[in-house]
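Here is a friendly walk through the model in front of you. Have a look at it, and then read on.

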Amino acid sequence: MKKISLMGCPNVGKSVVFSRLTGVNVISSNYPGTTVDFTKGNTRIGVEKFELIDVPGTYSLEPTSKAEEVARSMLQEGDVVIDVVDATHLERNLYLTLEILERKKPTIVALNLWDETKHIGIDIDVDKLEKLLDVPVVPTCAITGEGIKELGSKLRDAKPSKTIEPMPEEERWLKVGEIVREVQVVHHRHHTIWERIADTTVKPVTGIPIAIITIFLTFLFIIEIGNWIIEHLMDPIFYNYYGPWIVSVVNSFSPEGLLHNILIGKSTIESLDFTQSFGLLTTGLYVPFDMVLPFVITFYFMLSLLEDVGYLPRLAVLVDTGLHKVGLHGSAIVPTILGFGCNVPGALATRVMETGKQRFIAATLMAIAVPCMAQSAMIFGILGRYGLKWILIVYCTLFVLYIFIGLMLKKIVRGESPELLLEVPPYRKPDVSTLLKKTWTKAYGFLAEAVPFVILGVFIVNLLYESGVIRVLSTVFSPVLTTLLGLPEGAIGALIMGFLRKDIAIGMLLPLGMSAQQLTISCIILTAYFPCIATFVVLLRELGIRDMLKATGLMILVSLAVGTSMRLILIGI
Amino acid sequence: MSDMNPDEKAVPLTSLFPGERAKIVALGHGMGRQRHFRTMGLMEGKIVEIIAIQPARGPVVLNVEGTQIAIGRGMARHILIQKI
């Protein structure tokens, strides 16, 4: 199968072109191990099947960050390159185009955002551009789908350029200027009223209140809609239909004994217990599907919305000053927000940071102080019944940790903390089908990754308890747990499970009969002490073994210290 | 420096206030950074308008031919402009 690399600068609508080309019913899977790097999908154009690779946006092939390095290596992989160009910013987009053409790969140029050029008074002579570049140029408007068909049908005409030869950088800029002068006419225009309104979201006086309101509404949406789905859809399914059915099925062949306990725990038809029974088919499915999935869906919907509208770069600008204090800059807000969904893509997204120091700080802070959605959902689930106050204590403590450890790491980690340099793209109307597709891909990704691990986790819990191992471990660790942290010995089970899955780990706290104070302390420690195994593997690869050891040491120290202090504050001696 | 107007003094970008416009005359910095600036549309001879300045030595948001760019205060100091 031929490979097509989809390349272009950031914010040119490349992802929309991607989803237009691959259609709705393709399986677009994330490339193994590098989830946020690039998406692959299959597409059929005419009779030929292609594999389409969505390469991360890059301004040039001389990489300035790790993400751009990835883009460069991806160019080599494709048999054909589709270079997506922002027609409204031809001049600066052409630099990358020339660099791509110099590599002599068969290339076709998509002149995207074509409709907008007319609104803002830019005329581009497509035929002349085609002649100068010596590759096909197709005007497209990915959001409406205009031109995409032509792009597909012209793909066979993609060819290496004969007019563009490798050249030094200075000459390339001159060439860009030359081409732009020949093909483009810009009519003067003023700032539109909409642009003036858009500017208010980045001016500090208006932008900061707007940011606070936006974040508040986002959280409100995630929690309220998530709860609504649980209450009106998931819980009725589990309690009215699935629960009674699975209990009677299991009872029919194994009314009691080890197998019965492993499959459905102590659940009976009269008292269905999905949270504490710890059966593979009860808790093992209830936790991921009922307690976590609804929030995962609402989270990724909101994240995709903010992303597609173009709000995230503005948020990055507004929080830049604050993040500088912890050795990062505004762009670090993206891995942090991703981390609230799942720490794995969050860890990968730290690549947007330019230096090793910033990547280390961003990754360590996320691993310690940013709970993933699965974990958050469980924290809401078990602490919510004691009142909002306890949930707030958990999150405020984590926030204080983020700041405190960040301030410290900025001082002690060697290396540079460069400043923010970021394009703030215009607001765009999100494309609903792209939005839903993104949300679905992420939610599906969660299920595919989480469900097997949760079930494995529940199985291990059963083994630990049935074999009596947990009793031994409880005795061994009881000095630390009871004396230092004020927790019951049984909490060791949750801490062990936390290495595998945090959601199940928090679920394991329930049967221990802890007080709200103890639960709060446990939730904080479970967040901070160690990342889950999936995150750990990714961090190990991203940071290397030495930095990961340092980060791990820090995590253990921090969680012991914060656990002990919270014990003193909340429970006393 | 063909874009330089000999009658006007070149000053750092950071001396502008929100709403003010000026012409870029020099990018400063090393080659890599200059290339990065140019690929973002920040080039000698272009007109920039300051959109916003974040408080506490935060970044400057500017507009260059319809592209908005956020740039750290320290970097912005090295970009020289002439008022118009």
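Over which residues of chain A does pLDDT stay under 50?

## Confidence

That stretch is residues 24–36 of chain A, for which the model has 28 contacts beyond four places in sequence. Here pLDDT is the predictor's confidence in each residue, from 0 to 100, and contact means heavy atoms within 4.5 Å. Chain A averages a pLDDT of 89, and 96% of its residues score at least 70.

This is a predicted model, in which local features need pLDDT of at least 70, side-chain atom pairs count only at pLDDT 80 or more, and totals for chains, interfaces and linings use all residues. Residues are numbered from 1 along each chain as its sequence is written, chains are lettered from A and ligands numbered from 1 in the order in which they are written, and side-chain values use heavy atoms, with hydrogens and water left out.

## Overall build

Chain A holds 24 helices and 10 strands (DSSP runs numbered from the N terminus: H or I of at least four residues for helices, E of at least two for strands). The radius of gyration of chain A, taken over C-alpha atoms, is 26 Å, close to the 25 Å that the globule rule (2.2 Å times the number of residues to the power 0.38) gives for 573 residues, so chain A is as compact as a globular protein of that length.

Of the 573 residues in chain A, 56% are buried, meaning under 20% relative accessible area (exposed is over 50%, partly exposed in between; 1.4 Å probe, protein chains only).

## One residue in a helix

A:Leu217 sits in helix H9 (residues 204–253) of chain A. A:Leu217 counts as partly exposed because its relative accessibility is 48%.
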